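This report describes a set of structural features in a model that is predicted. The sequence and the coordinates are shown first.

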Amino acid sequence: MLRETLARIAGFFGRRRSLEENLEAELRAHLALAAEDKVRGGMSPEEARRAAWREFGGVEQTKENYREQRGLPFAETLLNDLRYGLRMLGKARGFTVVAILTLAIGIGANTAIFSVVHAVLLAPFPYPNPERLAIVWSVYGLEGRAPAAGPELVYLRDRSRLFEEFGGVWAQSGALTGEREPEQVKVGQVTSNFLSMLSVKPQLGRFFRPEEQGFGAARSIILSDGLWRRRFGGDTQTIGKSVWMNGNSFTIVGVMPANFRIIFPEGSSVPPEMDVYIPFPSDLAKQPADQGYIRVIGRLKQGVTFEQAQSEADEMAAQLRAQFPAFSEEGLKLRVVPLHGDVVRNLRTALLALFSGVGFVLLIACANVANLLLSRASQRQREVTLRIAMGATRGRVIRQLLTESVLLSCIGGAAAVLVGAWALKLLLVLRPQEMERLGTIDLDLTAFGFTLAISVIAGILCGVAPALRATRVNLVESLKEGGRNVPGAKHDSRSALIVCEVALGFVLLIGAGLMMQTFAELMRVNPGFAPDGVLTFHVSAASGKYETPEAATEFFRKLQKNVAGVPGVDSVSVVSHLPFDESLPNWYSYYWAEEASKQEQNTVMADHRSVFPGYFKSIGASFVAGRDFDDFDIKEGRAVVIVDEVVAERAWPDGVAVGRKLNIEHKISTFESGRGGVEVVGVVKHVQSHSLTNRVRGQVYLPYTQAVRPHMSLTVRSNTPPETLVPLLQAEVAKLDKDLPIYNVQPMNAYVEKARRETRFTTALSGALALIALLLACTGIYGVTSYSVQRRTNELGTRMALGAQRSDIFAMVLREGMLPVVVGLTLGLALSFVLTPLMAGLLFGVRASDPVTLAGSGAFLGGVALLACYLPARRAVRVDPLVALRYE
Amino acid sequence: MTPPRGEVLQGTLDLIVLKTLDAMGPLHGYGIAMRIQQVSEDLVKLNQGTLYPALLRLEQRGWINSKWGVSDNNRKAKYYTLTKSGRKQLVTETESWERMASVIGRLIAGAEGT
């Protein structure tokens, strides 16, 4: 009946007036023709007119039926109901404003969190076929997320049948020089296919070609959009020009799109934004197998599952172990995981917890609005009764009432978009670093659709009970009673709503309480050093002047000495990796006591750091035993090492580490040729470096001369405020080499702060949600209790007139008000036992079932609820029996 | 005593209207009503008002057309005409009615036979 539907739609949108006139004229003509016939048949005109009407049947009914056939009755009723609903809402301004605000907060919070959940957990990455992208980790014993060595990547690329391709990246830093001032840049060394795996096409020019990778190949470079605009003014003629980096000339072959980011997991040492990309300049296949540094991604072939890919990777790992002694010694395994899942793995629990929390808030908001609607339903009892008495079916009236509540919640939803946009902005300020990698998050169409959907659902949720209630009428009784209600009759559904609100609010409060305790614990935790008053910055002695270890050592030694002379500086030192600084590739490898047996050799994995004397003093780390390095160690390059307590305990369980010899698996030290042990001269407290809560790995510190590298960080302890200090430090560096930029200037505290960000985010959000829930629940409790007091004024007055004491009345009101609260608390407690264990992964220093938090939250919520009941109860006892009885 | 008048059988009104227009050519609503009563010799009780939603429905389905015209006694009235697809529909509906009628006829005859 497409044709009929189209005609009906035309009828619905047609000009009502002319359609009506048309109908009117047709019916009038019919009646006139009939009357004329009858007059001709001998009737009087008056008789004829009446007979014609009688034979016609109901004219109005015909018109009604005709209209129904003409347009879209469903839509017309809806429009009418909406018009009527708007009028009713307009009449009850106070109610409307409160209900809309409540819903706007409830829905808006959902809009904001949903936008984040959608962007982080649901939306695919902006890459070609993102669902087939995998990250391939090398696994060595306990170390499950290690990078791959060159030969490993080449082997995978050549042998895999289930992967379309593999790509690799290694983040480095470099110095751009040339006509403009020197600039420190992040360099992505990539396989020639890497960029094309993550991007459809460059903004300008082309991606790398296979022949551009490897030793002796022409040096090509691709710029990021940011660098291209910053340094080349966004000139389209940049392609083909050359640029100097680290003393070599590179030809610019392309510019990446503006929105391109490398979304890699946190801790993979691959920053999302690099300045330039170059192909690996050496032959990966010929590199040593024991030097893993490449982060590998792979694209599965169409239709291949991750399980299949994993089992192929297992086979390849076995072959690699068979072919390379290095891999078999270290027990190499491979792990294939979806890129998306790996990136968001730490965010999932927090986001899902927040998403459920915000769902709870919406339910509480709905319960509140349902309560308001219930109160209104009793005020409107007369209207409803009248309509039913006039012949409206119950279904019709329910539909009308539901239309009204959905209208209400949709207006709330519209306001919620504003609330959501604002909340999202706030949320993005607080978001943890891991989320930052994913780029900005906006309110998009999906979020709008979601908002609309939950608005409608919320409208139905809060409208159903009141609509059912209002239409369950006993006509005779209601009309006779003048619309007044028997006390208590409405109480069940209201109390049920309060029970729900309190239960949900309690769970939220417990969740927030647990997060707050976690956060407090994180603030209390001793990171193993004293970050207050320490300023840090990076310096890269990367130019040719510092090519020899001696030149580089000399440079940093002089820098340390000169900075120490700056007024206000207490102590200063130089280190390869600052704690919590993820901007550089991490170094770690196996260490073992010289006397360890062969099996024990690959058991202690530790980070290694290259330091100058005075490092521990400058960051405020303390010695457990032994001594710091001294100038003599540096100058003479003595074979000494400092370990932290973790390494010391693992390598020498007997407790004596100083004076023992440590073997180093990796060739990071100048002693590797000898493979001799290095003497432990000191043991320091563990310095938390990756997480405030876990001792991820132990630490081994080598004097700089044993592990020379161009890129170092300075740690400056001083009372001078950073604004004054930074120019002085800059001047000191410039005095030594005016071409060296200093960058990443940050107080040490900023790094520690970053480590707390995820918890702070979850804590702040869950706290905000709990606060909203608490406010809503209290308004609900207060509303219901005071409403009941108001309705029972008469009854209370009678009781008092009959001799009830004020204290009895007071107790009674309190008891009745608190009963659903107590039931709700019990239910909430039970619910929390099911739900809080799910957030265990977010907690630190507190158990999910922490009795203090449970009791505290319960007491808090109960206390606030008591206050919400207290005010109406006080009003109840002030009732004057005489006035109350006259209230009749 | 007037013979009992039957209600118009549900679903047959369309057929009746189409057939009337087929037989009589363009007619206004009142004319259709008169014609039906005439043919049925007043045995069918037609609530004339019910005709109009039905006419609208037939028009929406494209089986009839309507146009304002002037009646014999100079009154403006809306005239309905059968369309080509309306004629086709009439054939289908007539066939299905006849099939139905014969089935019911046979059923009744069979029941009487036992």
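The text below moves from the overall form of chain A to its contact with chain B, and then to selected local features.

**Overall form of chain A**

Chain A contains 29 helices and 23 strands. Its radius of gyration is 38 Å, whereas a compact globule of 888 residues would have a value near 29 Å. Along the principal axes, the C-alpha atoms of chain A fill a box of roughly 130 × 80 × 55 Å. Of the 888 residues in this chain, 44% count as buried. Among the contacts in chain A with a separation of 6 or more, 83% come from residues 24 or more positions apart.

**The side of chain A that touches chain B**

Contact between the chains involves 22 residues of chain A and 20 residues of chain B. On the chain A side, the elements that give two or more residues are helix 1 (2-13), helix 2 (16-40), helix 3 (45-56) and helix 4 (59-70). By class, this side of chain A has eight nonpolar, seven polar and seven charged residues.

**The open sheet of chain B**

In chain B, three strands form an open sheet in the order 2-5-4, with antiparallel pairing. Strand 2 (27-28) and strand 4 (64-70) of chain B stand at the edges; each has a single partner strand, so one side of each is left without a neighbour in the sheet. Strand 2 of chain B is joined by two bridges to strand 5 (residues 76-82) of chain B, and these strands run antiparallel. The bridge partner of B:L27 in strand 5 of chain B is B:Y80.

**Helix 9 of chain A and its surroundings**

Helix 9 of chain A spans residues 225-232, and its residues A:L227, A:W228 and A:R231 are buried. Viewed down the helix axis, the buried residues of helix 9 of chain A fall within an arc of 100 degrees, so they line one face of the helix. In general, an α-helix has 3.6 residues a turn, so residues three or four places apart point the same way. The buried residues of helix 9 pack against four strands of chain A, namely strand 5 (183-190), strand 7 (220-223), strand 9 (248-255) and strand 10 (276-279). Just after this helix, A:G233 takes a positive phi of about 60 degrees.

**Positive phi outside glycine**

Most residues other than glycine have a negative phi. Two residues of chain A with a positive value are set out below.

| Residue | Phi | Loop in chain A | Other C-beta atoms within 10 Å |
|---|---|---|---|
| A:N129 | near 40 degrees | between helix 6 (93-122) and strand 1 (133-140) | 12 C-beta atoms |
| A:F580 | near 65 degrees | between strand 14 (569-575) and strand 15 (588-593) | 21 C-beta atoms |

With 12 such neighbours, A:N129 is exposed, whereas A:F580, with 21, is buried.

**The surroundings of A:G614**

A:G614 lies in the loop between strand 16 (604-611) and helix 21 (615-619) of chain A. This glycine, A:G614, is buried, with 20 other C-beta atoms within 10 Å. Leaving aside residues up to four places away in sequence, A:G614 touches A:S571, A:V572, A:S573 and A:D628. A:V646 is 32 residues from A:G614 along the chain, and the C-alpha atoms of these two residues are separated by 21 Å.

Conventions
Residues numbered from 1 in each chain as written. Chains lettered and ligands numbered in written order. Predicted model: local features only at pLDDT ≥ 70, side-chain atom pairs only at ≥ 80, totals over all residues. Arc of directions from axis to C-beta. Contact = placed C-beta atoms within 7 Å. Nonpolar A, V, L, I, M, F, W, Y, C, P; charged D, E, K, R; others polar. Pairing = 2+ DSSP bridges. Rg over C-alpha atoms; globule rule 2.2 N^0.38 Å.
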